[in-house]
Amino acid sequence: MEFGLAGSGVRTPREKPLKKHKVNECEDITNKLPEPLISRILSLLPTKDAARTSVLSKKWMYRWISVSKLDLDDSLFYNPKKKTGGVQHFRNFVNRALLLTKGSSLESFSLAMTNKCDISLLNTWISSVLIPQKIKNLRIHSKCEWSVSPLASRSLFNSIFLEELVLQMFCCDIEVPTKDVYFGSLKFVKLHEIIFFNGLSIDYLSLILPVLEKFEIRNCDWLFGKGVIVKAPLLESVCIEQDVMPSRDELRSCEIKFSDCHLKEFTFNGYAISQPVVMSDPLIAQNARANITLSEYEDGTPEARLRAFVLLNQFSHAKSIKFDGSEVLPQPNVAALPEFPMLGHLELGLIRFEVLFGLLQRSPILKTLTFKGIFKFDLELLNSTPVPDCFASTLQVVKFARVCGFEHELCLAKFFMENGKVLERMSFSLASLALGKSKIMEDFKEKLFSFKKGFSFAIVEFSYD
């Protein structure tokens, strides 16, 4: 027979095992958590995992339906052993989740579809989650070709509580039911590969977004008479990508116009500007940073090149411009470049001589210049070119971003060194490590340091790309 003494730490036969005691203690702690905290924790999980907590106990059976966020991803249901690969299981789960959370405090809905999907069912899901709920965050990622139904479209454009809208599609068309779209709470929007259209003959679609801060679109088309106007007084960041090469027939005349906003950052990256991008007033981009990357392609047209010139002109009051792709600029329009009175930083890719000095001549307070190189260099043109005003008063840093040791690079460096009165630093980034050890670069450096300097002191440095 075993005996136990009180306080001795020796377990008597009547005492319960310590392990079971700890389990009960953990269950008590979990059950004592406030319901809002439990709901918050479950909302941070993928909905499939949140639903699994229903097996813990009777109290947990329906706790997961109090979540404020539904996060549904069909890839989590994929099972190659099942006949449908898990597709039917996913459909049943979504239907059940939407049914059980109907009328709840749902604020966020995320749906990812990487497999083939039933378009009619997809439209039904979107309509059912938007109509009765006050959804603030809507994220849909789909790799299916999808025509959004009229009901789903009306549900979307009537979602006045939306704060974040992300539609990342493969190929989707959405009919906009009205010419004036108003989202009073929307702060962030990201749209990928969507065609927006309207069955009526309207000139402009107006997007009225009073609190929007960030606007991102990729490979989107706006099929309206003259275009779309984005009215967003708090808009700070715009990003437009066009990474699909358009055919000549796909260059559209309708424009994307930004009005009543104060941009801090603008990015355009693509093969061509399929639709013109304009600002209602250059002051919209006052003191903004503009990053424009244009890629030349075989079917490039004069119209596409003109749009590149028009886009650059929109940022005449920017404080910083990064422009890569000057080869797409039409030659006759270089002389028509505007003044850039606020421009302090200019970064260029491979650029024609005329474009480089055309920009320098029109940038009176430029402080930093970076460029990768010059093609179609003309020494006679350089010798006859007036010295830009910024050389005498503001230009402090010049960076040759990719040096190969060519003679025209020396000619340009000599021009900057002899005429840069306040130059503080000149940098040369060599194309390769081997080039830095070559006889070509030894001769380059020897000639460079022999040039007369217009400045009293400056740092000349070399690095490797």
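**Exercises on aromatic rings in a predicted model**

In this predicted model, Lys445 is placed over the face of Phe462, 4.7 Å from the ring centre. Phe462 also belongs to an aromatic cluster, together with residues including Phe371, Phe391, Phe415 and Phe416.

**Exercise 1.** Determine how many aromatic pairs the pairing rule yields, and classify the pair of Phe371 and Phe416.

*Solution.*
Step 1. The count comes to 19 aromatic pairs.
Step 2. The ring centres of Phe371 and Phe416 are 6.4 Å apart, with 35° between the planes. Centres within 6.5 Å make a pair, and planes neither under 30 degrees nor over 60 degrees apart count as tilted. The pair of Phe371 and Phe416 is therefore tilted.
Step 3. Phe371 belongs to strand β19 (residues 368–375) and Phe416 to helix α11 (residues 407–419). With these positions 45 residues apart, the pair links distant parts of the chain.

**Exercise 2.** Decide whether Phe371 and Phe416 are buried or exposed.

*Solution.*
Step 1. The cut-off for buried is under 20% relative accessible area.
Step 2. Phe371 has a relative accessibility of 1%, so this residue counts as buried.
Step 3. Phe416 is likewise buried, because its relative accessible area is 1%.

**Exercise 3.** Classify the pair of Phe391 and Phe415, and state which helices contain the two residues.

*Solution.*
Step 1. The centres of Phe391 and Phe415 lie 5.8 Å apart, and the angle between the planes is 75°.
Step 2. Planes over 60 degrees apart count as edge-to-face, so the pair of Phe391 and Phe415 is edge-to-face.
Step 3. Phe391 is in helix α10 (residues 390–393), whereas Phe415 is in helix α11, 24 residues apart.
Step 4. Both Phe391 and Phe415 are buried.

Note on methods: Residues numbered from 1 in each chain as written. Predicted model: local features only at pLDDT ≥ 70, side-chain atom pairs only at ≥ 80, totals over all residues. Heavy atoms only, no water. Phe/Tyr/Trp six-rings, centres within 6.5 Å; stacked < 30°, edge-to-face > 60°. Helix = DSSP H or I, 4+ residues; strand = E, 2+ residues; numbered from the N terminus. Buried < 20%, exposed > 50% of the residue type's maximum accessible area, 1.4 Å probe, protein only. Lys NZ or Arg CZ within 6 Å of the ring centre and 35° of its normal.
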